[in-house]
Amino acid sequence: VFGNLEGPFTDAGKPATGKQYVFRSPPDQVAPALARAGFNVVSLANNHTLDYGPEGLADTRAALDKAGIGYVGAGRNLAEARQPVYMMADGVTVAFLAYSLTFPEEFWAGSDRPGTAFGHERHVRADVAAAREKADIVVVSFHWGQEGKTELRDYQVELARAAIDTGASAVLGHHPHVLQGVERYRDGVILYSLGNFAFGSFSNTATRSAMALLTFRDKRWRELKMIPLNVKNSEVVFQPRPLAGPEAGQVVEQLQQMSLPRGTVLENHDGSAVLVNDGG
């Protein structure tokens, strides 16, 4: 179970200056809650991980370690931020990589500066290729795109395809807070934006989202199932709920419409958007 962790777990540090929103959560409460919810690995590559500076990042890593949750996409330097996390599932090795393409630039890691891994295409290609040598499946996470927009930016398509060209099986995108389209590309699948999940806002625009269930067989991606969610916090109070009936159908239809321009046809299976990799 993978998610994007949008903010540090810390009670310390100083808030970043010049930002409209800075986030943090109490480490002793939220990290164990994520573990109880079943999360195995999270991305730290986003525009809030360093909201409370390097100290906040260090506290986050410590809290996740204590909770037994893997993390990827940020570290004490760029080399560490680019390192994959390897996990085992039924004898199969799965590698996770994560990158941020969002500002502020001060959050990007350097050779001797803590921060997030910026998604330079050359780094993505090199990292995916290296991870593929050790892992049967490589999953790449990108924090990218434009907030509140369903339209893709050209670099999203280029980077996602580069990751799959180099050996990734799946690309998971986030940052826009709303859903974006799905693309089947070669033998991989690209989810350009999963929208929100449990996010600390009462937005009236980021109200619908989806949880993605990826099925692999024989070390290949076989099926994507996107389960529509209600994430309108005035109704669900930060606890995402699966949708059913016409409300679920509306989300599936939206995903279908956004994916068609990418040459991808999603089917409505009992209120979920489904894409099958039949090898064709």
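Let me start with a term: two rings of Phe, Tyr or Trp count as an aromatic pair if their centres lie within 6.5 Å, taking the six-membered ring in the case of Trp. Hello everyone, and please keep in mind that the model we are looking at is a predicted one. With that term in hand, how many aromatic pairs does the structure hold? There are ten of them.

Take one as an example. Phe2 and Phe96 are stacked, with 5.7 Å from centre to centre and 5° between the planes. Planes under 30 degrees apart count as stacked, so an angle of 5° qualifies. Now find these two residues along the chain: Phe2 is in strand S1, residues 2–4, while Phe96 is in strand S6, residues 92–100. They are 94 residues apart, and the pair links distant parts of the chain. Are the two buried or exposed? Both Phe2 and Phe96 are buried. Elsewhere, ring pairs tie Tyr99, Phe142, Trp144, Tyr155 and Tyr192 together into a cluster.

Let's stay with S1 for a moment. This strand belongs to an open sheet of three strands, in the order S1-S2-S3, with parallel pairing. S1 and strand S3 (70–72) are the edge strands, and each of them pairs on one side only. On average, neighbouring strands in this sheet are turned by 25° against each other, direction ignored. Between S1 and strand S2, which covers residues 41–43, there are three bridges. If you would like one to look for, Asn4 has Ser43 in S2 as its bridge partner.

Next, please turn to strand S11, residues 188–191. Which residues point which way here? Gly188 and Ile190 point one way, Val189 and Leu191 point the other way, and all are buried. S11 is joined to S9 by three bridges, and these two strands run parallel. Leu172, for instance, has Leu191 in S11 as its bridge partner. S10 is joined to S11 by four bridges, this time with the strands running antiparallel. There you can see Arg184 standing opposite Val189. S10 and S11 form a hairpin with two residues between the strands, and in this hairpin Arg186 takes a positive phi near 50°.

Arg186 brings us to the backbone angles. His175 is in the loop between strand S9 (170–174) and strand S10 (182–185), and its phi is near 130°, a positive value in a residue other than glycine. His175 has a relative accessible area of 11%, so it is buried. Phe238 also has a positive phi, near 70°, and sits in the loop between helix H6 (233–236) and strand S14 (241–242). Why does Phe238 count as partly exposed? Its relative accessible area is 32%, and partly exposed covers values between 20% and 50%. There is one more backbone detail to point out: a cis peptide bond joins Phe103 and Pro104, with omega about 10°. You will find Pro104 in the loop between S6 and strand S7 (115–116).

Finally, let's look at the surface. Phe238 joins Phe202 and Val237 in a nonpolar patch, and together the three have about 300 Å² of accessible area. Phe202 lies in the loop between S11 and strand S12 (208–217). With 55% relative accessibility, Phe202 counts as exposed, because the cut-off for that word is over 50%. Thank you for listening, and do come and turn the model around with me afterwards!

Note on methods. Residues numbered from 1 in each chain as written. Predicted model: local features only at pLDDT ≥ 70, side-chain atom pairs only at ≥ 80, totals over all residues. Heavy atoms only, no water. Phe/Tyr/Trp six-rings, centres within 6.5 Å; stacked < 30°, edge-to-face > 60°. Buried < 20%, exposed > 50% of the residue type's maximum accessible area, 1.4 Å probe, protein only. Pairing = 2+ DSSP bridges. Axes fitted to C-alpha atoms, helices over the stretch in contact; angles between N-to-C directions. Patch = residues over 30% accessible without salt bridge, like charges linked within 9 Å, V, L, I, M, F, W, Y side chains within 5 Å. Areas by Shrake-Rupley, 256 points an atom, 1.4 Å probe, with all protein chains shown as cover. Salt bridge = Lys/Arg side-chain N within 4 Å of Asp/Glu carboxyl O.
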